[in-house]
Amino acid sequence: MQFTFDVMELLTKNKKFVFIAISATLVTMMVWSSLTLQAQSAVMEFDKTNFHTPLKIDNKYFPLEPGTTMIYTGMSEDGESFRNVFVVTNETKVILGMHTRVVHDDAYVKGEHEEKTDDWFAQDDEGNVWYMGEYTTDLTNGGSHEGSWEAGKNGARAGIVMEAQPKVGDKYEQEAAKDVAEDKATILSANEKVCVPYGCFSEVVKTEDINPLEPDIVENKYYAQNIGEIKAEMVKGGSEVETLVQIKNTE
């Protein structure tokens, strides 16, 4: 009781000091809370009116110039070589009433063509690149289209593939098709130094990619300025590494 009395007496004698101290503490907590929420929640709502030139995709970390072909190679966990060919086309597809850029993505394992996919992208006026869906064909499974989705159909929503201004701690949905495609990303770093067969880069953005449908798998991806994705590395659930080896421009 004596301790309680002494504390109360001290507080009574120093009301102004205590008030200032508490106020400062509350302000500090509010600022940190606000910064944390901003860093951890990069939720952006899709708004078609914010896309005046959706086909002009010049995001610094994910540019899509028609006529560009990016070739990636790697080795699977069981020792099988694979190659992905990512071709930015002049083709377009109308989704949610606007034109999107079509990218052909072909996957080869041990030289055999196993999967082909059309990916659809659009860039908003702020420079964020949106993933509008994909149509994938598994050539090893009777031409199955499992995993395909399109924003605006069956409850699927457009996702973000790269922010205009990626900040460490930002989290965003890349794919938003429930029980079909649910990839999510978190920005881990914006200042990585990474070397791949195509070259060495600094100020590389590093993300952590997860999929609630495959909770045991975690992947890190790396994006270089004016290039795009240069490396993908499985850090949980496997050991596959895919790296950029060549860029060809045909137009």
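**Figure 1. Contacts of Val-109.** Outside its neighbours within four places in sequence, Val-109 is in contact with Glu-80, Ser-81, Phe-82 and Glu-114. The model shown in this and every other view is predicted. Val-109 belongs to strand β3, which covers residues 98–109. A further pair to find in this view is Val-109 and Met-75. Their C-alpha atoms lie 9.2 Å apart in space. In sequence, 34 residues separate Val-109 from Met-75.

**Figure 2. The whole protein.** Two helices and 13 strands make up the secondary structure. The protein has 251 residues, and 41% of them count as buried. Contacts between residues at least 6 apart in sequence include many long-range pairs: 46% join residues at least 24 apart. The exposed surface comes to about 14400 Å². Carbon and sulfur atoms supply 53% of that surface.

**Figure 3. The largest nonpolar core and Ile-230.** This core holds 44 residues. Phe-121, Met-132 and Ile-230 touch the most other members. The close-up is on Ile-230. Residues up to four places away in sequence are left out of its contact list. Ile-230 then touches Val-194, Val-196, Phe-201, Val-204, Ala-224 and Leu-244. Tyr-72 and Tyr-222 are also contacts of Ile-230. Glu-242 and Thr-243 complete the list for Ile-230.

**Figure 4. The β9–β10 hairpin and strand β11.** Strand β9 spans residues 184–196, and strand β10 spans residues 199–210. The two pair in the antiparallel sense over nine bridges. Together, β9 and β10 form a hairpin, with two residues between them. Val-196 stands opposite Gly-199 of β10. Val-196 is also one of the residues that Ile-230 touches. Strand β10 pairs with strand β11 as well, again in the antiparallel sense. Six bridges join β10 and β11, the latter covering residues 218–224. Here Glu-208 stands opposite Asn-220 in β11.

**Figure 5. Asn-154, a loop residue with positive phi.** Asn-154 sits in the loop between β6 (149–150) and β7 (159–162). Its phi is near 55°, a positive value in a residue other than glycine. Asn-154 counts as exposed because its relative accessibility is 86%, and the cut-off for exposed is over 50%.

**Figure 6. Asp-179, on the way into β9.** The loop between β8 (171–173) and β9 holds Asp-179. Phi of Asp-179 is positive, about 65°, although the residue is not a glycine. Is Asp-179 buried or exposed? Asp-179 counts as exposed, at 57% relative accessibility.

Conventions:
Residues numbered from 1 in each chain as written. Predicted model: local features only at pLDDT ≥ 70, side-chain atom pairs only at ≥ 80, totals over all residues. Heavy atoms only, no water. Helix = DSSP H or I, 4+ residues; strand = E, 2+ residues; numbered from the N terminus. Buried < 20%, exposed > 50% of the residue type's maximum accessible area, 1.4 Å probe, protein only. Contact = heavy atoms within 4.5 Å. Areas by Shrake-Rupley, 256 points an atom, 1.4 Å probe, with all protein chains shown as cover. Core = buried A, V, L, I, M, F, W, Y, C linked by side-chain atoms within 4.5 Å. Pairing = 2+ DSSP bridges.
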